[in-house]
Amino acid sequence: MQATSPFAERVSLISVSSTAKVSQEADRLRRQGVDVVDFGVGEPDFPTPDNIKRAAIAALDENFTKYTPMAGINELRQAICERHKVDFGTDYQMAECVSSVGGKHAIFNLMQVLIQEGDEVVIPVPYWVTYKDVVSFAGAHPVFVETDEAAGFTLTASMVERVLTPKTRMIIINSPSNPSGGVLEREEFEKIAFAAKKRGIWLMTDECYCQFLYDSEPYSVASVPGMKDTILVAGSLSKTYAMTGWRVGFTLSPASVASAIIKLQSHSTSNITSIAQKAAIEALLGPQDSVQTMLAEYRKRRDYILGRLRAIQGVTAAEPRGAFYAYPNLGGVLVRDHMRTPMEFAEKLLAEAHVAVVPGEAFGTDKHVRITYAASIEQLKKGLDRIQQFIEKHAA
Ligand SMILES: Cc1ncc(COP(=O)(O)O)c(C=O)c1O
């Protein structure tokens, strides 16, 4: 006999990531031979640096291909703590560190071990797609707080404090932000950390893009003295070292939280791939110049794309201060033809002009699209030419 519903109820609480949907459609067109410019996917167009690849090859040659401890080998956990210390002046120990299958898995683990039904989790808008779903999957309620677009999608401690309730269990901060490129000022970050600590609320800082900042120095709120017991760092090597496919992320947290994550992980993924662990150690402890090279390139692209977007009538764009996304406001464009929402705009743009962007609905806003500028200047030029022509055509 067939069960009344084939799925567990919690699966209905989440939806397929919209960024994944866009790339599926772009892929489908590409397979039909269409020349698609893909600004949808959020990953570096650079190859993984050679020294990192060589470390993986050496691991294979040395038959480092068996199970490892669940949290990762000690050498990797130490390398993560060491890199964080050198970059941000923090003082994490191995027992406070767990390596996971990408930053996404690290965040999922944190939610599963710390959040439950009835809890509220504060998420600034626009948000990275996954936060809302992982919070819902854990049975909790996302509570959204608008950022100030006119000031570069900034957030202040008082904006956050206004939405805190006795049910608030966690605040999520992603600076620089995917999708807006907004950066939380250090002073406000610290105020939020103090507000969280005072109330015994977790502050999760997603440091996925922490090395990609255009006008400020890399910073971790976990470096503020006395704060570590309410701070959760979710980290990823995906973007920093152009290692999206390797799947290496981590958490830095109080040791008790790390133990709970290890327990959970021991029944799901176990350790991350042994070979990827060796590659990650080289990434973290080896030369860091590739990060600066990528950053310099992203800056050029940011400047280019911003200039192009701002030259299109009906489009405004805040300056991204970090990461590699532009989040233009199409308020002046979404009044035309069957293009009243970012979703309709993105669908029509992909179908007619063959440019993939992610509609703002995915990130909680109704006038924007996200454009990834981790693409060559030639691709950016081609894509922006098409976007401009598309908008001008539909303005007529
Ligand atoms: C804000 C943010 N956090 C975390 C991640 C997770 O990255 P990964 O799972 O590839 O490490 C991403 C990836 O796009 C991201 O944009």
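Which residue in β12 is the bridge partner of P359? It is V369, and we will come back to that strand pair after a look at the ligand.

## About the model

This is a predicted model, in which local features need pLDDT of at least 70, side-chain atom pairs count only at pLDDT 80 or more, and totals for chains, interfaces and linings use all residues. Residues are numbered from 1 along each chain as its sequence is written, and side-chain values use heavy atoms, with hydrogens and water left out.

## Around the ligand

Let's start with the neighbours. The ligand has 14 residues around it, where being near means having a heavy atom within 4 Å. G103, N178, D206, S236 and S238 come nearest. By class, this shell holds 4 nonpolar, 6 polar and 4 charged residues; here Ala, Val, Leu, Ile, Met, Phe, Trp, Tyr, Cys and Pro count as nonpolar, Asp, Glu, Lys and Arg as charged, and the others, Gly among them, as polar. Helix α4 (residues 102–114) gives the most to the shell, with 3 residues. Helices (H or I, at least four residues) and strands (E, at least two) are DSSP runs, numbered from the N terminus.

Polar contacts are pairs of N or O atoms within 3.5 Å. A polar side-chain atom of D206 lies 2.6 Å from a ligand nitrogen atom. Ligand oxygen is met at 2.7 Å by a polar side-chain atom of N178, and an oxygen atom of the ligand is also 2.7 Å from an N or O atom in the R247 side chain. Taken alone, the ligand exposes 390 Å², and the protein buries 92% of that (Shrake-Rupley method, 1.4 Å probe).

## Backbone details in the loops

N178 turns up again here: its peptide bond to P179 is cis, with omega near 20 degrees. P179 lies in the loop between β5 (168–174) and α7 (186–199). Another cis peptide bond joins V125 and P126, with omega about 0 degrees, and P126 lies in the loop between β3 (120–125) and α5 (129–137).

A242 is not a glycine, yet it has a positive phi of about 50 degrees. You will find A242 in the loop between β7 (231–236) and β8 (249–252).

## A three-stranded sheet

Back to the opening pair. An open sheet of 3 strands runs in the order β9-β12-β11, with antiparallel pairing. β9 (325–326) and β11 (358–359) stand at the edges with a single partner strand each, so one side of each is left without a neighbour in the sheet. β11 pairs with β12 (residues 369–372) over 2 bridges; pairing requires at least two DSSP bridges between the strands.

Methods:
Polar contact = N/O pair within 3.5 Å; in protein donor to acceptor, adjacent residues only side chain to side chain.
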